[in-house]
Amino acid sequence: MEQLISLCKRRGFVFQASEIYGGLAGFWDYGPLGVELANNLKKEWWNAMVQDHENIFGIDGAIIQNPKLWEASGHVAGFTDPLVEDLVTNKRYRADHLAGVDSNDVDELNRLLEGKKSPDGNPLGPVRTFNMMMKTFIGPIEDTDSIAYLRPETAGSIFVNYKNVQETMRAKLPFGVAQVGKAFRNEISPRDFIFRVRELEQMEMQYFIRSIDQEAAYEQWRAFAWNFLKDRLGIAESNLQWHEHAEDERAHYAAAAHDVYFNFPQGFKELWGTHNRTDYDLSSHMRVSGQDLQYFDEETKERFTPYIIESSVGVGRMLLAVLTNAYHEETMDGETRVVLKLKPSLAPYKACVSPLLKNKPELVEKARTVFIALKKKFGMVMWDDNGNIGKRYRRQDEIGTPFCIVIDFDTLGENPDLLDTVTVRDRDTGTQERVAIKDLKQYIEEKM
Ligand code: GAP
């Protein structure tokens with residue numbers, strides 16, 4: 001984890017939020033490379049989830065909704081974590097973490113923690129539940145009537161827009177509504193870098209179905225999560241595991257839940273959840289809002305409340321998984337190198353272009369024309385003429401750039417057979433190929 005954190009800071013993937021003021025626990029900023037990688041992950045997900053399915057539609061809901069939404073969803077009453085306090089330092093801890101169990105059961109946790117000390121060696125108070133929703137106030141008066149919540153999950157605005165999407169898109173069951181956006185959780189103990197944070201981004205999809213299709217849809221979206229991680233992100237299957245939630249571990253809305261666990265630096269932990277939310281959400285919203293959210297089947301003339309299968313994953317957690325999976329330290333040409341073996345489609349920079357020597361104007365001029373043409377085509381292409389070629393390769397290896405292109409004297413015709421060709425070095429193998437400038441775009445595109 002320390003090596004990853006150091007790489008992220010050194011190369012501009014992730015910075016501590018408000019670093020110059022000492023940071024703020026649970027908040028992180030994405031730097032120039034981090035935002036590219038995160039955007040690539042979101043693009044892959046949106047493409048696989050929304051654009052590849054004719055029955056899944058996207059929305060972008062507001063972060064703050066009517067607080068009644070969170071009463072109906074059960075978050076005001078039930079979105080809690082068990083908390084325990086060090087009676088000397090007043091530091092607060094997740095009781096389940098201290099007890100070493102996946103449980104929200106206060107009685108069980110009190111039993112398990114009886115006689116135990118805090119990490120600072122002090123006595124602990126009783127286990128209490130703590131609501132994790134972040135609060136704010138709407139308007140100029142800060143009283144109980146103006147309390148609003150920053151959404152703790154993006155799913156909320158999907159449920160309350162279910163009818164709008166169904167009607168405007170003339171959607172028939174089964175259909176899904178997807179969203180990517182920020183969510184906020186007042187986590188008691190944010191930890192493990194960007195793994196558990198207080199401001200997170202989620203990619204969620206709610207799949208509206210007939211109750212009879214629960215099992216098939218649940219399996220469909222479990223398989224989607226696993227295959228996306230394996231095929232779209234190139235994550236090794238040996239780094240993935242299934243974890244089925246026991247009853248006392250499940251969220252208040254879920255009748256069944258399976259997580260894909262990833263082998264993070266701190267061990268196998270939750271990456272992506274698939275939940276059977278039954279008709280819990282739509283029924284609750286109908287009850288509290290008084291609106292009819294039932295589905296009317298035009299063919300059978302049946303009217304009923306759809307069930308929901310949910311697919312939910314955090315962008316930051318996915319980014320941490322992708323970086324962990326890609327991070328390698330190895331020896332190449334007698335030197336130790338750090339290399340991010342990212343899929344080229346995910347890499348922040350697709351290629352780096354260099355003149356062999358920066359003090360030879362004819363090399364620089366030719367290299368600039370190659371650089372400009374590739375940048376126009378692929379966007380994220382880097383120019384680097386600093387230091388020797390070996391150092392430039394190491395710099396690109398560290399950020400996962402799949403191709404390093406060098407313009408040398410042969411490019412200019414010193415060897416007439418090689419006129420207008422460049423060397424392309426492969427990040428993973430270190431091998432170099434001679435490629436004609438006119439074929440470069442296609443060469444990179446094919447490898448991507
Ligand atoms: N709508 C369902 C839902 O929010 P969840 O299991 O609480 O379910 C879904 O969260 C996913 O969001 C998790 O699998 C994880 O990837 C991400 N996530 C949740 N809490 C997080 C946190 N505090 N920091 C980073 N990611 C988080």
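**Exercise 1. In which strand is the place of D29?** Then describe its exposure and surroundings.

*Solution.* This is a predicted model. Start with the secondary structure. D29 sits in strand β2, residues 28–30.

Next, take the exposure. The relative accessibility of D29 is 37%. Buried needs under 20% and exposed needs over 50%. D29 therefore counts as partly exposed.

Now list the contacts, leaving aside neighbours within four places in sequence. D29 then touches F13, V14, F15, Q16, A17 and S18.

Finish with a distance. P402 is 373 residues from D29 along the chain. The C-alpha atoms of D29 and P402 are separated by 25 Å.

**Exercise 2. Describe the overall build of the protein.**

*Solution.* Count the elements. The protein has 14 helices and 23 strands.

Give the extent. Along the principal axes, the C-alpha atoms fill a box of roughly 80 × 65 × 50 Å.

Add burial. The protein has 448 residues, and 52% of them count as buried.

Then look at sequence separation. Take contacts between residues at least 6 apart in sequence; 65% of these join residues at least 24 apart.

Close with the domains. The domain assignment gives domain 1 as 2–73 + 134–323, domain 2 as 80–131 and domain 3 as 349–447. The centres of domain 2 and domain 3, taken over C-alpha atoms, are 56 Å apart.

**Exercise 3. Work out how α2 is oriented to α11, and which residues make the contact.**

*Solution.* Locate the helices. α2 covers residues 32–51 and α11 covers residues 315–326.

Read the geometry. The packing angle is about 105°, and the axes are 10 Å apart.

Classify the angle. The range from 65 to 115 degrees counts as roughly perpendicular. α2 and α11 are therefore roughly perpendicular to each other.

Name the residues. From α2 come G34, L37, A38, L41 and K42. They meet V315, M318, L319, V322 and L323 of α11.

Sort them by class. The contact of α2 with α11 has eight nonpolar residues, one polar and one charged.

**Exercise 4. Treat the packing of α2 against α9 in the same steps.**

*Solution.* α9 spans residues 214–232. The axes of α2 and α9 come within 12 Å and cross at roughly 135°.

That angle makes α2 oblique to α9. The crossing is right-handed.

On the α2 side, the contact is made by L41, E44, W45, N47, A48 and M49. On the α9 side, W221, F224, F228 and R232 take part.

By class, the contact of α2 with α9 divides into seven nonpolar, one polar and two charged residues.

**Exercise 5. Characterise the contact of α12 with α14.**

*Solution.* α12 runs over residues 361–378 and α14 over residues 440–447. They pack at about 40°, with axes 10 Å apart.

α12 is therefore oblique to α14. The crossing of α12 and α14 is right-handed.

V370, A373, L374, K377 and F378 belong to the α12 side. Their partners in α14 are L440, K441, I444 and E445.

The class count for α12 with α14 is six nonpolar, no polar and three charged.

**Exercise 6. Examine the backbone at L173–P174, F193 and T278.**

*Solution.* Recall the background. Most residues other than glycine have a negative phi, and most peptide bonds are trans.

Begin with the peptide bond. L173 and P174 are joined by a cis peptide bond, with omega about -5°. P174 lies in the loop between α8 (162–168) and β9 (175–184).

Turn to F193. Its phi is near 60°, a positive value in a residue other than glycine. F193 is in the loop between β9 and β10 (199–209). With 7% relative accessibility, F193 counts as buried.

Then take T278. Its phi is near 50°, also a positive value in a residue other than glycine. T278 lies in strand β13, residues 267–278. T278 has a relative accessible area of 16%, so it is buried.

**Exercise 7. Place K116 and relate it to K135.**

*Solution.* K116 is in the loop between α6 (106–113) and β6 (128–131). Its relative accessible area is 40%, so K116 is partly exposed.

Compare sequence with space. K116 and K135 are 19 residues apart in sequence. From C-alpha to C-alpha, K116 and K135 are 33 Å apart.

Note on methods:
Residues are numbered from 1 along each chain as its sequence is written. This is a predicted model: local features need pLDDT of at least 70, side-chain atom pairs count only at pLDDT 80 or more; totals for chains, interfaces and linings use all residues. Side-chain values use heavy atoms; hydrogens and water are left out. Axes are lines fitted to C-alpha atoms, for helices over the stretch in contact, and angles run from 0 to 180 degrees between N-to-C directions. Helices (H or I, at least four residues) and strands (E, at least two) are DSSP runs, numbered from the N terminus. Angles under 35 degrees count as roughly parallel, over 145 as roughly antiparallel, 65 to 115 as roughly perpendicular and the rest as oblique. A crossing is left-handed if the near helix is turned anticlockwise from the far one by less than a right angle, and right-handed if clockwise. Contact means heavy atoms within 4.5 Å. Ala, Val, Leu, Ile, Met, Phe, Trp, Tyr, Cys and Pro count as nonpolar, Asp, Glu, Lys and Arg as charged, and the others, Gly among them, as polar. Buried means under 20% relative accessible area, exposed over 50%, partly exposed in between (1.4 Å probe, protein chains only). Domain bounds come from an automatic or database domain assignment.
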